[in-house]
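Notebook open, coffee poured. I'm going through this one piece by piece and jotting down what I look up.

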Amino acid sequence: MLAAILLFSTWTVLGIPGAVIGIPWTLATRNVALLHWLGVSITRAGLWVAGIRMQVVWEQPPVRGQQYIFLPNHISNLDPPILYPLLPGHTAVFLKRSLMRIPVLGYAMGLAKFIPVDRDRRVESAMESVAAARSVLAAGIHVLSFVEGTRSRDGRLQAFKKGPFYLSMESGAPVVPISIYGTETMMKKGSLKIFPGTAHVTFHAPLFPGDFASREELMRAAREAIAAGLPEWMRGPAATA
């Protein structure tokens with residue numbers, strides 16, 4: 001539990017003054033750059049204090065001026081804070097709408113253009129989220145979406161959600177498959193305990209929607225890339241829908 005205490009204490013101690021500085025500045029200037037920098041710096045500090053390290057590989061460096069849809073697998077609650085500081089520039093995240101109601105943090109995420117998602121399985125809700133994400137991409141902001149939709153209970157790769165691939169096909173933005181492992185032992189699903197360790201993160205080469213005949217082909221290619229960067233036991237079934 002020591003690592004968890006150190007992590008959350010660091011985020012709290014640094015996060016409060018960060019919000020006091022960053023949120024008024026963002027409201028006054030309409031520029032989220034300072035808020036983004038503070039969030040990334042505070043997140044990194046908490047991870048370092050807790051003994052969480054990253055081993056990161058980029059198969060192809062990101063191109064300046066190109067907006068990407070980043071699609072990682074999801075095995076732990078540590079995945080978002082580990083991944084977000086590694087992303088190039090301002091990135092909006094798909095997340096549960098309930099998280100946007102957290103005092104201060106939810107407000108800051110709204111300023112950062114994070115994209116709320118409803119889990120009601122309605123087509124209308126999915127279309128609203130995709131439309132919001134298209135606006136974000138058009139504004140020059142990357143998008144991060146955990147492609148399985150939720151954390152894997154056993155670490156194995158689950159079926160993929162179709163929304164990010166609709167978004168890629170409609171917007172023309174390339175997807176970057178991301179493989180992450182190691183976090184499944186540092187913070188398990190249903191537990192608040194955190195153990196120091198190393199997260200292994202691979203950013204695979206971008207997949208451009210114009211190179212694929214259909215959304216299903218793009219989805220299949222993304223799954224193959226993510227699976228290739230995971231230990232064999234985590235690769236899961238071959239299904240993509």
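**Overall build**

I started with burial: of the 241 residues of the protein chain, 46% count as buried. I'm keeping in mind that this is a predicted model. For secondary structure I get eight helices and seven strands in the protein chain. The radius of gyration is 17 Å, close to the 18 Å that the globule rule gives for 241 residues, so the chain is as compact as a globular protein of that length. Along the principal axes, the C-alpha atoms fill a box of roughly 50 × 40 × 35 Å. I also looked at contacts between residues at least 6 apart in sequence: 72% of them join residues at least 24 apart.

**Helix H2**

Next I checked helix H2, residues 33-49. At 1.5 Å a residue, its 17 residues should span 24 Å, and the end C-alpha atoms are 24 Å apart, which agrees.

Which residues of H2 are buried? My list reads Leu35, His36, Leu38, Val40, Ile42, Thr43, Gly46 and Leu47. I then looked up what covers them, and the cover includes H1, strand E1 (52-58), helix H3 (79-83) and helix H4 (105-111). After H2 comes Gly51, and I noted its positive phi, near 80°.

**Aromatic pairs**

I find six aromatic pairs in the structure. One of them is Phe8 with Trp11, an edge-to-face pair at 5.8 Å centre to centre with 80° between the planes. Why do Phe8 and Trp11 sit about one helical turn apart? Both are in helix H1 (residues 2-29), and they are three residues apart there. For accessibility I have Phe8 as partly exposed at 37%, and Trp11 is also partly exposed, at 22%.

Tyr68 and Phe70 make another pair, a tilted one: 5.8 Å between centres and 45° between planes. Are these two buried or exposed? Tyr68 is buried at 3% relative accessibility, and Phe70 is buried at 0%. I followed these rings outward and found that Tyr68 and Phe70 belong to one aromatic cluster with Trp58 and Phe203.

**Arginines over rings**

I looked for charges over ring faces and wrote down two. Arg215 lies over the face of Tyr166, 4.3 Å from the ring centre. Arg223 lies over the face of Phe160, at 5.0 Å from the ring centre.

**Salt bridges**

How many salt bridges does the structure hold? I get three, and I went through them one at a time.

Arg134 and Glu170 meet through their side chains at 3.5 Å, N to O. Arg134 lies in helix H5 (residues 123-138) and Glu170 in helix H6 (residues 163-171), so this pair ties together parts that are 36 residues apart in sequence. I checked exposure at both ends: Arg134 is partly exposed at 39%, and Glu170 is partly exposed at 43%.

Arg156 pairs with Asp154, with the closest N and O atoms 3.5 Å apart. Here I have Arg156 partly exposed at 39% relative accessibility and Asp154 partly exposed at 44%.

Arg215 turns up again, this time in a salt bridge with Glu216 at 2.4 Å, N to O. Is Arg215 buried or exposed? I have it down as buried, at a relative accessible area of 15%; the cut-off matters for this one, since buried means under 20%. Its partner Glu216 is partly exposed at 34%. My entry for Arg215 therefore joins three items: a place over the Tyr166 face, a salt bridge to Glu216 and a buried label.

**Thr91**

Last lookup was Thr91, which I placed in strand E3 (residues 91-96). Thr91 is buried, at 0% relative accessibility. What does Thr91 contact, leaving aside its neighbours within four places in sequence? I wrote down Tyr84, Phe114, Ile141, His142, Val143 and Leu144.

Note on methods. Residues are numbered from 1 along each chain as its sequence is written. This is a predicted model: local features need pLDDT of at least 70, side-chain atom pairs count only at pLDDT 80 or more; totals for chains, interfaces and linings use all residues. Side-chain values use heavy atoms; hydrogens and water are left out. Rings of Phe, Tyr and Trp (its six-membered ring) pair if their centres lie within 6.5 Å; planes under 30 degrees apart count as stacked, over 60 as edge-to-face and the rest as tilted. Helices (H or I, at least four residues) and strands (E, at least two) are DSSP runs, numbered from the N terminus. Buried means under 20% relative accessible area, exposed over 50%, partly exposed in between (1.4 Å probe, protein chains only). A charge sits over a ring if NZ of Lys or CZ of Arg is within 6 Å of the ring centre and within 35 degrees of the ring normal. The expected span of a helix is 1.5 Å times one less than its number of residues. Contact means heavy atoms within 4.5 Å. A salt bridge is a side-chain nitrogen of Lys or Arg within 4 Å of a carboxyl oxygen of Asp or Glu. The radius of gyration is taken over C-alpha atoms; the globule rule is 2.2 Å times the number of residues to the power 0.38.
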